[in-house]
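Thanks for coming. I will go through the empty spaces in one protein model, then a small sheet and a single residue. Please have a look at the picture before I start.

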Amino acid sequence: MGCGASANNPQKVSDGTSYVKPVHTVPDDTVAKNKVHQVEAPAVFTADDVSNKILAARYEVRGTVPLRANALEAMLKSGEQLPFDRMIKCHIGNPQAVEQRPITFYRQVASVLCSPSLLGQGIFAEDVERRAAEYLSATGNAGIGAYTDSRGLALVRQQVAAFIERRDGFPADPERIYLTSGASEGISRCISMMVCDESVGIMVPCPQYPLYSATLTMTGGRLVSYRTFENDGWRTTQAELEDCLSRAKAEGIRVRSIVVINPGNPVGTVLDTDDIAMFISFAAANKLVILADEVYQSNVYAEGKQFVSFKRVLREQQAEDAERYAESQLVSFHSTSKGLLGECGQRGGYMELVGFNDGVVAVMQKVAATNLSPGTMGQCFVGLMVTPPRPEDPSNELFRSETGDTFLGLQKRAKLISEGLNSIPGISCNPIEGAMYAFPKVQMPEAAVKEAKNRNMEADVFWCLELVEATGVVTVPGSGFGQETGTYHFRTTILPPEEMLQDMVQKVASFHADFVALYGTNLHSRPGSRTQ
């Protein structure tokens, strides 16, 4: 090994101080000259060589319309004149990207985790320092820059278990809790484990969050869509679940699991206890694993509604009829990205396994180990999410004020969006009971449907593209989530500030009036439609 200067082997200079020899850099003129001589890379691996499963996957939340919006935003920044002077980003559940303020307590603890030298300096409140010290100690004092156990920090998993017990009134086992890089990683991991060949299917609501359809496509599984009914608040029925399963079996599909998103994305529905009990009974009767996507459990706005977990209802049903539900299996997911945190970039999440034997848990641990460990900071944010300041803690008053303001703002904007969209002729929207989205229906002129077909795109994609080109309002076409043939929807978030959402509603109203005037009033969409 050489003896030259390096970060670990600095050289001495005449005055006794040390220095690290700078890394050799290429002169700027050489870089410029080399750019001129760059040649096209050989076509050894091209898009034609990419797996068909990957190519077929569709994720419209970051698809055609948002990509066009990115180009328009770049044009605005370059000074180009467009029909609008700002983008209104309503396409993705990314709260802090649209001015939701981070919660002070979380960020103060994160500051100490990043710079442990801040401990004991009197900069932060006692509870901030105490919580940060707990997490640093949980890493073995290695800090947040080190890997952790593949399942996540034991302290955080214990905190999650305690949170679940407080929420549901039933025990939770930290050894059955896995921390993940956002809920999405856990969901993808479970689907990948269940899809052993292309005959395996998973029942997914329609409309659905396209993570599920995209993951099934990429793993080779079969998407088995069960309908939710727009005229019934986007709920489904026992008969629909039974019919859906029967159709899948007739096609030779082996259905392994059923997905439920509560509160709903993209539809904003909050399920009642009876709804949840129906899903659990159906899954038990047909030996299906329930994947309960509960990342919006803190986002319930409608009067008289409350979040009830699948875990709680399952345990209550098991207490009443242990034999019937003895083999029930449930995986539930939660995330720091939603709720009142909105910490999407931290990539914190967890999943709890219920009803699985040690063999499955061992395989889950092996799969988790292939990712080494989830991000340590994200894990700590999960711990903070489930263990907020205590009433007697000095940070509690500000914490309650900030989270309360965030909730009330979301609740107010949920009402603003649903009422505003319903005031537009040709657009209808169910009340937003929870989550962060509306999924309004658009009455589409027949001529617009034909024009979209001529352009080789779906009519709702065409409508959303025309909307962003004319107004700067960014939404997601409903076809990316699933909808009944002949109906057209779009998804919008409720996240931008109130002033921006009011502007958005006005722009959508003006645009749709012009759109109908251009393409005629002969409507293609059928009233009273249901998803499929």
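How do the residues lining the second largest pocket divide into nonpolar, polar and charged? They divide into 10 nonpolar, 6 polar and 2 charged. Keep in mind that this is a predicted model.

Let me stay with that pocket. The space in the second largest pocket comes to about 450 Å³. Its lining has 18 residues, and those closest to the centre are Phe-163, Gln-297, Ser-298, His-334 and Met-385. Three elements give two or more residues to this lining: α6 (154-168), α13 and α14. The largest share is from α14, with 3 residues.

Now the largest pocket. About 520 Å³ of space lies in this one. There are 28 lining residues, and Tyr-59, Ser-184, Tyr-209, Lys-338 and Arg-347 are the closest to the centre of the pocket. Two or more residues each come from α7 (182-194) and α8 (211-219). With 5 residues, α7 has the largest share of the lining. By class, the lining of the largest pocket has 14 nonpolar, 9 polar and 5 charged residues.

Next, the cavities. Rolling a probe the size of a water molecule over the atoms shows where empty space is left. How many cavities of 30 Å³ or more does the structure hold? It holds 3. In the largest cavity there is about 190 Å³ of space. Of its 17 lining residues, Pro-205, Thr-228, Trp-234, Ile-261 and Leu-271 are the closest to the centre. The elements giving two or more residues here are β7 (254-261) and α10 (273-286). It is α10 that gives the most, with 3 residues. In the lining of the largest cavity, 10 residues are nonpolar, 5 are polar and 2 are charged.

The second largest cavity has a volume of about 50 Å³. Its lining can be read out in full: Pro-66, Ala-69, Asn-70, Glu-73, Met-87, Lys-89, His-91 and Val-474. Helix α3 (residues 64-77) supplies the largest share, 4 residues. Sorted by class, this lining has 4 nonpolar, 2 polar and 2 charged residues.

On to the sheet. It is an open sheet of 3 strands in the order β12-β16-β15, with antiparallel pairing. Why is one side of β12 and of β15 left without a neighbour in the sheet? Both β12 (437-438) and β15 (476-477) stand at the edges with a single partner strand each, so one side of each has no neighbour there. Between β12 and strand β16 (residues 490-493), the antiparallel pairing runs over 2 bridges. One residue pair to find on your screen is Tyr-437 and its bridge partner in β16, Thr-493.

Last, one residue in a loop. Thr-387 sits in the loop between α13 (376-386) and α14 (396-422). Is Thr-387 buried, partly exposed or exposed? Its relative accessible area is 22%, and because buried means under 20% and exposed means over 50%, Thr-387 counts as partly exposed. Leaving out residues up to four places away in sequence, Thr-387 touches Arg-131 and Gln-159. Thr-387 is also 231 residues from Val-156 in sequence, while their C-alpha atoms are 9.3 Å apart in space.

That is the end of my part.

Note on methods. Residues numbered from 1 in each chain as written. Predicted model: local features only at pLDDT ≥ 70, side-chain atom pairs only at ≥ 80, totals over all residues. Heavy atoms only, no water. Buried < 20%, exposed > 50% of the residue type's maximum accessible area, 1.4 Å probe, protein only. Contact = heavy atoms within 4.5 Å. 1 Å grid on protein atoms, 1.4 Å probe; cavity = no way out; pocket = protein on both sides within 12 Å on 5 of 7 lines; lining within 4 Å. Points joined across faces, edges and corners; volume = space filled by probe spheres on them. Nonpolar A, V, L, I, M, F, W, Y, C, P; charged D, E, K, R; others polar. Pairing = 2+ DSSP bridges.
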